[in-house]
Amino acid sequence: MGLRIMNSGSHPLHLCHLKKSTLIINRLYILFHSIALILLFSFRISSILTLFHSKNQPFIPHLLIFISELTLSFIWIHSQSFLWRPVTRTVFPERLPGDDQLPPIDVFICTADPRAEPPLGVMNTVISAMALNYPAEKLSVYLSDDGGCPVTLEAMREALKFAKMWVPFCNKYGVKTICPEAYFTGREVDDEVMVDSLEFGAEQRRIKEEYESFAHKVTKISESESFISNKDHSPVVEVMVDESTNDERKIPLLVYVSREKRPSHPHHFKAGALNALLRVSNLLSNSPYILGLDCDMYCNDKNSARQAMCFHLDPNLSPSLAFVQFPQTFHNISKHDIYESTLRCLFTTLWCGMDGIKGPCLSGTCYYLKREALYELPLIREDINLKELKQCFGSSNEFIRSLYKKYNAKLDGEKDLFDESLQETKHLASCEYEDGTKWGNEVGFRYFSVTEDFITSITIHCKHWFSVYYMPSRPSFMGSCTTNLNDLLIQGTRWTAGLMEVGLSRFCPLIYGPSRMPILQSFCYAWLALYPIGFISLWILATIPPLSLLNDITVYPKVTNPFFLVFLYVFVLSNLQHMREIHSTGASLLTWKHEQRVWMMKAITSYLYGSTHAVMEKLGVKEANFLPTNKVINEDEVKLHQMGIYNFQTSSMFLVPLCSLVTLNLLGFVVGIIRMVFHKECIDEILVQTFLAFYVALMVGYPVLEGMMLRKDKGRITPTVSCYSLIFSVFILSFGKLLVTY
C-alpha cells in the first residue's frame, strides 16, 4: 500500500508503503501469544498458591521462575509496539528543486581518541562527506576533535589538500563510492564510471598515487610523539582554507573544532562535543540541517543528502519533521556475523516499526537533523527578553543573533568573516560558556545520559516533533563493526548503562512519555530503555531449572499436563516468529542461532553490569564514563571473525559468569539424561527442565564449551578462567541448594 506524499508540484517527493501482510501476521501473532501468556500465568499462579498451602515442594524456585516469566512478558509486551504498523519508504530525489533552492547542510563528525580511532580512517570520513552530491557552497564539514590532539589537526590539513583533487574527480566522473579508502580497496563497484575511458584511467591512476601519498603522510603523522589525547587545553577553532587557489568554494567549507577541556569542568562526553559544534557552526555557517556522523561512519552513497531532502522539503512534513534516520551498515561484516554486528533487528525491524507510529529513535549517527528541533526559540517579537535568551543560550550576543538569522550566504570567498568570528567561536567552545545556561538540559543535545542520542530523541519526540526512517537499497553510510567479544560486551555494557539510566529516571518513557507522545511510541521507547532487565530472566532460567533438576524438584508442568502444551506453544511460536522475521529481512536462518547466542552472552554480562552501573550511579556511588569502541584493526581478531570463531580474549568478569552458567546447565543436562535413561518413569516430570538445560548449554552455549574444552588457539578460554568458572559453579551449586530447598 503506497501513501502519496506530495511536494508543492504535482509529483510526490516520496512514498510511504504500509507492509500490510506483515502487519496482519504480526497482529495475529500478538493475539495468539497474548492468550497463551494469560493461560501460562493462570497455571503459574494456581501452582504457586497450591504449593504455598500444601508445602509439598519448595516454594522459592517456582516463585523465581514466575518472576522470570513476568519479566520476559513485560519486555515482550512493549516490544510488540514495533510490530504494530511497520512501513517502508521510497524517495524521488530527481524531483527536488534546483541546486539554488536546496537548503544548506552542516556535517558534524566526532572523534575522541586517535589511539582507538586511527586518524586515516577519520580523514576518509571527512573527505567522503566533502564529496557528497550537493552544492559545495551549501555544504560545511565540521570535525570535533575531543582528544585535542595535534595529530588530528595536522591530518586534517593534509585531508584538505587531497580533497581539492578528490572532490572534483568524483564530480567529473560520477564516482559513486566517495570514500577514497573504500574506492581504492574495491569495497564497492562503481557501475556509472566509464572504466574504458583513457582519460578516466589516467586520472584515476594519478588520484590513486595522490591518495597513497596522503595516506603515507597521515600514517607518519600518527606515529609522531604528539599522538596523545589532551584533556587539559584551550579551545581551538581553525577554518581550513587552502590559499593555493582563489576559488575556495569548489569544495565544502572545512572546520576543525577542539573545545576547551579542563579537569575541573564536566565535559559531558559526546553530547558536550556536539553542542560545542552547534554553537560554533551557528556563527560560521548556520545551516538549518545537520548531518551527524561517527568518525568511522563514512558516506557511501553520494546522494544521501538529496534523499533526506525529499522528506525535509515536503511541505506536508517539514513543519514537524525533526530528523531523517538512515541505517548503520558495516563493511567488515563476515558471512557468519557471529557477533550480530549488522544490528539486523534494530535497523530492519524495530526502526521500520517505529516509523509507522511517529518515527524512529535518533541513532547517534547517520541522521539528517533539523537544527531548530534542538532549540526552543521564542517567537520574534518587539519586546523579546534578551536576558532570558542569555540565561538559556549563553552570553554571546553574536550567537543569539545567529539564532534568528538564516544561513550565512556571505561565507563565499569572505575570509575576513572567519578572522572576525574566530575569537567569538573560541568563546563559544570554552568549557565555562555553558555555566548557568540551559545547554544540555533544555537546549541542544541532552547531557542526562551517556546515550545522548536516546535521551535527546525522547525529548524531541515529546515536543511533538516526528521523524522518518529511510533504508535505501545502496547503503548510504558504512562503518566498521566490532570483530571480537571484548568490544561487543564493553559496548553493550556502555549502552545498557546509558539506557537504564534513563529508564530509572523521571524521563522513564512509561512515566514521561504517555502524556507527551502516542502510547505505542512510549512503549517503543520503554522497551529500548528497559530491555536490559532481561538479565533477571536469563540468570533465573540459567540457574533455577538445572539446580531444581539436580535436587529432584519439578518447576514445569508434566508432559501429560495440558498446560505443557501452553509452555511448548509459547516457546515454539516465539522462535517461529523470530525465524519468520529473520527470513523476511533476507538473512540466513543461521542468524537465529547467532542472535540467540549474542543475546545470552549480553544478558548474562553486559545487561547485568550495565544495569548495576546505572543503579550505582543513581545512588551516587559511581560516575558515568564513556570509552570509544576500538577501531584499530587486529589481524588475528579479523581472521577469527572471518572464520566465524568466537574470540574469547576478554576480561574474566565477562567470561567467568558465562562459563559458570553454561557448565552448570551442562551438568544439569547430563544428570537429566542419566535419570531419564535409568528411571524412565520420571521422563514425564523432568523433560522440560532437561531440554532447557540442553538449550542453554549446547544449543546456545556451545561456543563457550568449545572455547573451554576443545580449542587451543589464542582466542580460546584460558585454563585459569575455566578454573575460576568451576569454582563459581560450585558456589552456585552450594548456594542454590539452600535456595531451591526452601
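## Exercises on buried residues, helices and cavities

Leu-374 is buried, with a relative accessible area of 0%; buried means under 20% relative accessible area, exposed over 50%, and partly exposed in between, with a 1.4 Å probe and protein chains only. The model is predicted, so local features need pLDDT of at least 70 and side-chain atom pairs pLDDT 80 or more, while totals for chains, interfaces and linings use all residues. Residues are numbered from 1 along each chain as its sequence is written, and side-chain values use heavy atoms, without hydrogens and water.

**Exercise 1. Place Leu-374 in the fold and list what it touches.**

*Step 1.* Start with the secondary structure: helices (H or I, at least four residues) and strands (E, at least two) are DSSP runs numbered from the N terminus. Leu-374 sits in the loop between strand 12 (367-370) and helix 10 (386-393).

*Step 2.* Now look for contacts, meaning heavy atoms within 4.5 Å. Leaving out residues up to four places away in sequence, Leu-374 touches Leu-278, Leu-369, Glu-442, Val-443, Gly-444, Phe-445, Arg-446, Thr-456 and Ile-460.

*Step 3.* Finish with a pair: Leu-374 and Asn-275 are 99 residues apart in sequence, and their C-alpha atoms are 9.7 Å apart in space.

**Exercise 2. Which residues does His-78 touch, and how far is it from Phe-523?**

*Step 1.* His-78 belongs to helix 2 (residues 60-79) and, at a relative accessible area of 7%, is buried.

*Step 2.* With residues up to four places away in sequence set aside, the partners of His-78 are Leu-510, Phe-523, Ala-526 and Trp-527.

*Step 3.* His-78 and Phe-523 lie 445 residues apart in sequence and 5.1 Å apart in space, C-alpha to C-alpha.

**Exercise 3. Check the span of helix 9 and work out what covers it.**

*Step 1.* The expected span is 1.5 Å times one less than the number of residues. For the twelve residues of helix 9 (residues 344-355) this gives 16 Å, and the end C-alpha atoms are 16 Å apart, which agrees.

*Step 2.* Nine of the twelve residues of helix 9 are buried, so the helix is mostly covered. Those nine are Arg-344, Phe-347, Thr-349, Leu-350, Trp-351, Cys-352, Gly-353, Met-354 and Asp-355.

*Step 3.* The cover over these buried residues includes strand 3 (87-91), strand 10 (321-325), strand 13 (466-469), helix 16 (519-530), helix 18 (563-584) and helix 19 (590-604).

*Step 4.* Look at the flanking loops too. Leu-343, in the loop between strand 11 (329-330) and helix 9, has a positive phi of about 50° although it is not a glycine; Leu-343 is buried at 18%. In the loop between helix 9 and strand 12 you will find Cys-366, another residue other than glycine with a positive phi, near 65°; its relative accessibility is 0%, which counts as buried.

**Exercise 4. Do the same for helix 20, and say whether Thr-612 is buried, partly exposed or exposed.**

*Step 1.* Helix 20 has 13 residues and reaches 18 Å from its first C-alpha to its last, close to the 18 Å expected.

*Step 2.* The buried residues in helix 20 are Ser-606, Tyr-607, Leu-608, Gly-610, Ser-611, His-613, Ala-614 and Glu-617. Helix 14 (485-503), helix 17 (534-550) and helix 19 are among the elements that cover them.

*Step 3.* Thr-612 lies in helix 20 (residues 606-618) and is partly exposed, with a relative accessible area of 35%.

*Step 4.* Just after helix 20, Gly-620 takes a positive phi of about 80°.

**Exercise 5. How many cavities of 30 Å³ or more are there, and what lines the second largest?**

*Step 1.* On a 1 Å grid over the protein atoms alone, a cavity is a set of points where a 1.4 Å probe fits but cannot get out, and lining residues have an atom within 4 Å of a point. Points are joined across faces, edges and corners, and a volume is the space filled by probe spheres set on them.

*Step 2.* The whole structure has two cavities of 30 Å³ or more; the second largest holds about 30 Å³.

*Step 3.* Its lining consists of Phe-108, Cys-110, Lys-270, Leu-274, Gly-292, Leu-293, Gly-364 and Tyr-367. Strand 4 (105-111), helix 7 (269-284) and strand 8 (289-294) each supply at least two lining residues.

Notes. On a 1 Å grid over the protein atoms alone, a cavity is a set of points where a 1.4 Å probe fits but cannot get out, and a pocket is an open set with protein on both sides within 12 Å along at least five of seven lines; lining residues have an atom within 4 Å of a point.
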